[in-house]
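This report walks through one model, from its strands to its domains and its ligand. Keep the structure in view while reading.

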Amino acid sequence: MHVLVTGGAGFIGCHLTRRLLAEGHRVTIMDNFFRASRQSLADVRDHSLLTIYEGDIRRYADFEKLPSGIEMVYHLAAQSNVMGAVSGLDYSFETNVGGTFNALKFARERSVRRFVFASSRESYGEAEYIPVDENHPLNSKNAYGASKLCGERYCAVFNQTYGLDVFTVRLANVYGRGDSNRVIPIFIDKALRGETLTIYGGKQLIDFIGVDTVTDVFMEIMTHEGSSEAVNVGSGRGTTLFDLAEEILKLSGSASTLEVLPAREVEVVRFVADTKRFRKIFRTVLPENPLSLLPQMIHDEKKSGK
Ligand SMILES: NC(=O)c1ccc[n+]([C@@H]2O[C@H](COP(=O)([O-])OP(=O)(O)OC[C@H]3O[C@@H](n4cnc5c(N)ncnc54)[C@H](O)[C@@H]3O)[C@@H](O)[C@H]2O)c1
């Protein structure tokens with residue numbers, strides 16, 4: 001299949017792109033390198049089935065330059081960071097809402113077979129109960145969550161009005177090799193440098209899901225019969241930031257200390273995914289231990305000598 005991955009040079013996009021190529025699919029990436037390193041896909045850059053197109057989803061004209069024959073779209077491009085979306089309000093709105101609208105319009109005009117939207121647990125806002133199922137009220141509490149929720153609504157409208165086959169996943173906190181500037185890579189980096197790990201607030205309960213599992217799910221969606229209402233993609237297990245920090249310190253043999261600073265008000269404090277719908281839809285098995293990728297990440301980071 002010929003697949004477009006918007007944001008394909010980003011953290012999840014790189015993992016997905018490598019898997020798609022390994023399984024023989026043709027991949028076109030559209031990314032403006034807002035948050036991605038140009039080195040992120042260095043290992044597959046010259047692959048005969050890969051085209052990396054530097055484009056901005058905020059401009060529809062950039063979509064019009066894409067090659068013909070695209071059959072499926074994974075829409076991952078976004079301002080993907082809560083604090084970044086709050087400080088860059090215009091950018092997050094134009095990219096996450098306007099850019100998603102453009103991606104949907106493109107998918108409709110090119111009559112693609114399926115459009116996959118990477119939404120977020122942030123669509124729910126603060127949890128009224130745990131675990132959070134897909135019928136939980138959608139009370140997004142920050143600009144990132146609001147923009148993802150708008151994207152979801154446009155997906156639903158393109159599905160209902162134009163019959164576009166849309167599959168929306170609400171991702172929990174995805175982590176793994178290649179990520180940067182999120183709590184796990186920051187903690188690992190600080191632990192290995194012997195620096196203090198900072199926890200804001202300390203009441204957080206976070207559902208971490210490994211990027212390998214998320215990639216398995218994205219691959220499964222390709223051939224899944226029938227489209228889906230939004231579905232949670234999370235481990236179904238909650239981890240506190242204290243437990244996370246302790247685990248990283250233990251695994252890395254670090255003597256770093258912890259400091260607790262005041263909570264950042266815009267952040268959602270607690271989320272654990274209810275995974276009943278996930279388990280009904282997907283064959284992908286959720287890992288017993290949501291933090292199972294940590295040892296490998298720490299090992300890789302130590303080896304890179306950073
Ligand atoms: N990683 C997570 O924990 C998580 C959780 C929930 C939802 N998501 C969603 O999954 C998707 C992928 O997340 P990620 O972790 O890989 O994020 P990421 O930031 O690593 O990747 C996003 C990519 O989009 C690109 N991009 C940003 N603005 C763009 C624009 N205007 N035009 C073209 N490209 C642009 C960036 O350069 C980057 O390569 C995002 O939509 C994110 O909101 C991620």
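## Strand 5 and its partners

Strand 5, helix 5 and strand 6 form a β-α-β unit, and the unit is right-handed. The model is a predicted one. Strand 5 covers residues 114-120, helix 5 covers 143-162, and strand 6 covers residues 166-171. Strands 5 and 6 run parallel, joined by 6 bridges. One pairing can be picked out: serine 120 has leucine 171 of strand 6 as its bridge partner.

Strand 4 also pairs with strand 5. These two strands are parallel and share 4 bridges. Here valine 116 of strand 5 stands opposite tyrosine 74.

How many residues of strand 5 are buried? The count is 7 of 7, so the strand is largely enclosed by the rest of the structure. In a regular strand, side chains alternate between the two faces of the sheet. In strand 5, Arg114, Val116, Ala118 and Ser120 point one way. Phe115, Phe117 and Ser119 point the other way. Both sets are buried.

## Strand 1 and the crossover to strand 2

Strand 1 spans residues 2-6 and is mostly covered, with 4 of its 5 residues buried. Strand 2, residues 26-31, runs parallel to strand 1 and is joined to it by 5 bridges. Within this pair, valine 3 stands opposite valine 27. The chain passes from strand 1 to strand 2 by way of helix 1, in a right-handed β-α-β crossover.

Strand 1 pairs with strand 4 as well. Strand 4 is made of residues 72-75, and 4 bridges link these parallel strands. Valine 3 takes part here too: its bridge partner in strand 4 is methionine 72.

## Around the ligand

Which residues are closest to the ligand? They are Gly7, Gly10, Ala36, Ala78 and Ser80, out of 27 residues that surround the ligand. Four elements supply two or more residues each to this shell: helix 1 (11-22), helix 4 (89-109), strand 5 and strand 7 (173-175). Helix 1 gives the most, with 3 residues.

By class, the shell has 13 nonpolar, 10 polar and 4 charged residues.

## Two domains

The chain divides into two domains. Domain 1 takes in 2-174 + 210-233, and domain 2 takes in 175-205 + 237-273 + 287-304. Their C-alpha centres are 25 Å apart.

Contacts link 25 residues of domain 1 with 16 residues of domain 2. On the domain 1 side, helix 1, helix 3 (82-87), strand 7 and helix 7 (211-223) each supply at least two of the residues that touch domain 2. Helix 7 gives the most, with 3 residues. This side of domain 1 holds 12 nonpolar, 8 polar and 5 charged residues.

## The loop between strand 5 and helix 5

Proline 131 lies in the loop between strand 5 and helix 5. A cis peptide bond joins isoleucine 130 to proline 131, with omega about -5 degrees.

Glutamate 134 lies in the loop between strand 5 and helix 5 too. Is glutamate 134 buried, exposed or partly exposed? It has 19 other C-beta atoms within 10 Å, and a buried residue needs 20 or more, so glutamate 134 counts as partly exposed. Beyond its neighbours within four places in sequence, glutamate 134 is in contact with Glu229, Ala230, Val231, Asn232 and Arg277. Glutamate 134 and alanine 230 are 96 residues apart in sequence, yet their C-alpha atoms are 7.0 Å apart in space.

## Positive phi values

Where does serine 111 sit? Serine 111 is placed in the loop between helix 4 and strand 5. Its phi is near 50 degrees, a positive value in a residue other than glycine. Serine 111 is exposed, because 11 other C-beta atoms lie within 10 Å and the limit for exposed is 12 or fewer.

Asparagine 181 is in the loop between strand 7 and helix 6 (183-193). Asparagine 181 is likewise a residue other than glycine with a positive phi, near 60 degrees. With 13 other C-beta atoms within 10 Å, asparagine 181 is partly exposed.

Notes: Residues numbered from 1 in each chain as written. Predicted model: local features only at pLDDT ≥ 70, side-chain atom pairs only at ≥ 80, totals over all residues. Near = placed C-beta within 6 Å. Nonpolar A, V, L, I, M, F, W, Y, C, P; charged D, E, K, R; others polar. Contact = placed C-beta atoms within 7 Å. Pairing = 2+ DSSP bridges. Right-handed = clockwise from strand over helix to strand, strands pointing away. Domains from an automatic or database assignment.
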